[in-house]
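Here is a quick tour of one model, going from the way its chains meet down to a few odd backbone spots. Have the coordinates open as you read.

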Amino acid sequence: MILIVILAVPLLAALISCLPLGRRLAPAVTLTSCALELAMVIAAAMRVAAGGSVVAIANWVDIDGLSALILLLVATVGSTAALFSWGYMAREPSARRLRRYYSNYNLFVFAMLSVPMLAEPNLVWTGVELTTILSLYLVAFENTHEALEAAWKYSVLTIMGGAVALLGSNWRREFRQPYLRPGSCQSS
Amino acid sequence: MYDASAERDITPRLIGVVQMARSIGFNLLQVLFVVALAPLVAGVLSRLKEIVQSRRGPSIFQPYRDLRKLFHKEEVVSEQASWIFRVTPYVVFIVPIFVATLIPVLTSYPLFFAFMGDMLGGGFVLALGGFFATLAAVDTGNPYGPMGASRTRMVGFLAEPVFMIVFFTVSFVAGSTIPYIVQQHWVTPLSNFLAPSHVLLVIAFVMLILAEAGRIPVDNPTGHFELAMIDESKSLEYSGTGMALMKWGGQMKLLVLMCILLNVLVTPWGLAGGTGIAKVLLAAPLVLLKVGIFLLVLVAIESSLSKLRLFRVSEFLGAAFVTSVVAMITGLLNF
Amino acid sequence: MANSYALLTSLNGLAAGLFLMSSFGLAATRQMQGCQRFYIAQSICLVVSALLLGLGLHAPDLLAVAALDSVMKPIVIPYLLKRTVPEEIFRRREIDQVLNIPSSLLIALGLTLLAFFLSEYLPPAAGNIGAINLPIGLAGLLIGVYTLTVRREAVPQLIGIFGIENGALLCGFAIAPTLPLVIEMAFPFDMLIIALVIGILTRITQERVGTTEVGAFTTLKEGGNK
């Protein structure tokens with residue numbers, strides 16, 4: 001259950017950041033949501049470390065040790081990055097772009113958090129591709145030549161890797177050896 | 001003492017002689033078919049092209065009239081020409097006749113001369129005609145002859161690997177190198193006909209025909225601009241009988257290539273299966289029908305594409321090569 | 001019944017062969033429109049193969065996927081590309097690439113042979129009917145990677161990515177025909193979103209930088225700018 005809440009919080013924050021209610025709402029909402037997630041992720045991780053796993057929907061959304069570690073890393077980096085961007089985004093003249101930045105940021109954090117939680121490898125692939133797509137706007141935010149070049153190279157390289165990984169994501173059923181699915185409680 | 005057994009021996013030998021005579025007769029009938037109807041096919045092709053371009057076009061029997069006119073004209077030969085120049089028209093005329101005895105034109109079973117050469121031999125014999133034509137174009141002092149000859153050789157050597165790979169794939173898949181036996185492979189089970197190697201071979205072979213017979217997109221057969229001629233340049237210097245034989249030989253080459261494509265690869269049905277003369281004669285209009293349909297396809301291709309620039313011809317033939325290799329891969333690599 | 005199975009196997013082989021020819025066309029064509037048309041042809045061959053595999057292996061999931069893909073891939077994605085990418089890019093007739101066309105064709109042929117040898121190590125296809133999908137899907141994937149590397153323009157690189165995806169899907173249909181429908185649905189929609197986003201990125205690049213020749217973007221390098 002806690003996993004669903006972890007996923008729902010950044011989504012909600014993304015929605016609220018879009019509302020045109022001044023310049024301070026979006027950063028504040030983002031920061032609170034990041035803090036909230038960090039707390040929940042730490043709680044879930046401690047529950048996993050105490051033994052057992054946390055299951056939200058069996059076989060679709062659950063975490064184990066490795067997933068908890070990655071979730072912790074993602075939540076920590078997300079929170080610190082949100083804190084840092086509060087500083088330099090305050091200099092952004094256009095309020096509209098500011099709001100768009102923060103809502104996109106929240107969506108990106110949502111996608112990153114969802115990847116370790118999914119238990120079906122094909123959906124993991126979809127999640128990874130989604131993180132690439134949602135972060136493109138952030139990379140190309142400055143709209144300069146270098147930013148666009150960086151965005152292009154980043155997107156093409158990552159999506160190409162993802163497309164090749166599509167081939168591999170279909171194979172897990174067919175190999176006889178057990179394959180540890182990220183987020184699965186046991187190897188089957 | 002009168003020996004009755006000697007009498008019994010004659011009958012099977014007589015039957016054998018009759019069968020052999022019939023086989024030779026059908027072979028000659030086949031050759032006559034190709035020789036007599038090649039100008040008609042060329043006439044129908046040019047008429048169809050003109051109709052597609054909303055013009056009336058010449059009569060379909062016009063090539064016959066052209067040939068008759070040319071045979072009555074006086075021949076003018078350059079002083080610089082050697083014996084090659086004089087011999088070439090006869091070579092170019094006879095070469096398709098040889099190949100016509102080797103391929104299935106009217107019958108679906110091998111005839112008398114069928115085992116004289118296989119597909120590889122037929123291909124080399126056709127190349128012999130091209131070789132002599134190229135040499136003859138260089139033989140006179142005409143500056144445009146060698147230019148066209150070198151271009152023809154370029155197209156020839158680029159088309160050579162395609163031909164080789166098509167031939168090898170067909171032989172491997174069908175288990176033989178004689179065209180008559182190869183043709184049987186695609187007649188009966190429909191799944192053989194729809195196999196990927198078959199369709200890709202047909203595509204590669206059609207591209208090969210376009211290159212070898214000098215059709216658009218490789219060359220413009222109706223162009224008069226000597227600087228751009230590839231295949232037409234071989235008959236630039238000829239007049240009178242020589243010109244007639246070169247023209248007729250070129251038309252027969254196109255018909256022979258079409259017969260190979262249609263009777264072996266595309267529509268191996270409709271050929272005479274039995275030994276009656278009536279069946280063989282009935283096969284002739286069916287073959288003409290198949291050739292007619294292919295002419296429609298050819299006209300569609302020629303009218304919708306434009307002539308490629310010379311250095312793009314290598315890309316075109318590279319695509320044909322790749323098609324034939326993919327046909328070979330999908331047909332031969334079993335996994 | 002065996003007869004129709006053999007017929008379906010042959011037809012599937014035909015679809016796979018034409019898929020491979022479209023991949024070659026992707027790698028070797030000179031025009032922007034040609035690139036797009038070969039991609040549409042490749043997608044249609046993919047859909048036909050999925051249909052035939054669904055009929056032959058009695059997998060209704062594959063039939064549903066074929067129906068969905070037949071709308072998405074040949075129709076929706078090219079339409080999206082046409083709408084998001086600026087019009088003048090599509091009229092270009094000479095796409096810049098690092099190697100010339102006959103070399104590209106020969107390298108693509110070499111990659112196909114490599115794919116045929118590598119497909120030995122892939123998991124086996126479900127049933128004889130899909131056996132040819134594996135090497136040809138892998139070949140489509142490798143040719144897509146090659147196209148992506150060699151082209152200098154933005155839109156052909158994107159179409160190369162879609163080619164990789166088509167190849168991987170062709171393999172996947174043969175290996176796992178009974179994948180749950182929910183998961184199979186995710187792929188075309190993902191491709192849709194990628195088309196949309198990269199199309200918009202291309203438009204922004206065209207507006208800002210003035211050209212979409214992404215092969216010439218070399219300011220970001222290791223060791224910092226000069």
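What follows covers chain contacts, the domains of chain A and some backbone geometry, all in a predicted model.

Let's start with the chains. Two pairs of chains are in contact, and the pair sharing the most contacts is A and C. Chains A and B, on the other hand, have no contact joining them: their closest C-alpha atoms sit 18 Å apart.

Zooming in on chain A, you get domain 1 (1-119) and domain 2 (120-175). Their centres, taken over C-alpha atoms, are separated by 19 Å. Where the two domains of chain A touch, 12 residues come from domain 1 and 12 residues from domain 2. On the domain 1 side, that contact has 10 nonpolar residues, two polar ones and no charged ones.

Now for the backbone. Most residues other than glycine have a negative phi, and most peptide bonds are trans. Two non-glycine residues here have a positive phi instead, N143(A) and S54(B):

| Residue | Phi | Loop |
|---|---|---|
| N143(A) | about 65° | between α5 (121-139) and α6 (145-169) of chain A |
| S54(B) | near 65° | between α1 (4-52) and α2 (62-72) of chain B |

Are these residues buried or exposed? N143(A) counts as exposed because it has 12 C-beta neighbours inside 10 Å, and the cut-off for exposed is 12 or fewer. S54(B) is exposed too, with 6 other C-beta atoms within 10 Å.

Chain B also has a cis peptide bond, running from I216(B) to P217(B), with omega near 10°. P217(B) lies in the loop between α8 (196-212) and α9 (241-266) of chain B.

Notes: Residues are numbered from 1 along each chain as its sequence is written. Chains are lettered from A and ligands numbered from 1 in the order in which they are written. This is a predicted model: local features need pLDDT of at least 70, side-chain atom pairs count only at pLDDT 80 or more; totals for chains, interfaces and linings use all residues. Two residues are in contact if their C-beta atoms, placed from the backbone, lie within 7 Å. Domain bounds come from an automatic or database domain assignment. Ala, Val, Leu, Ile, Met, Phe, Trp, Tyr, Cys and Pro count as nonpolar, Asp, Glu, Lys and Arg as charged, and the others, Gly among them, as polar. Helices (H or I, at least four residues) and strands (E, at least two) are DSSP runs, numbered from the N terminus. A residue is buried if 20 or more other C-beta atoms lie within 10 Å of its own, exposed if 12 or fewer, and partly exposed in between; C-beta atoms are placed from the backbone.
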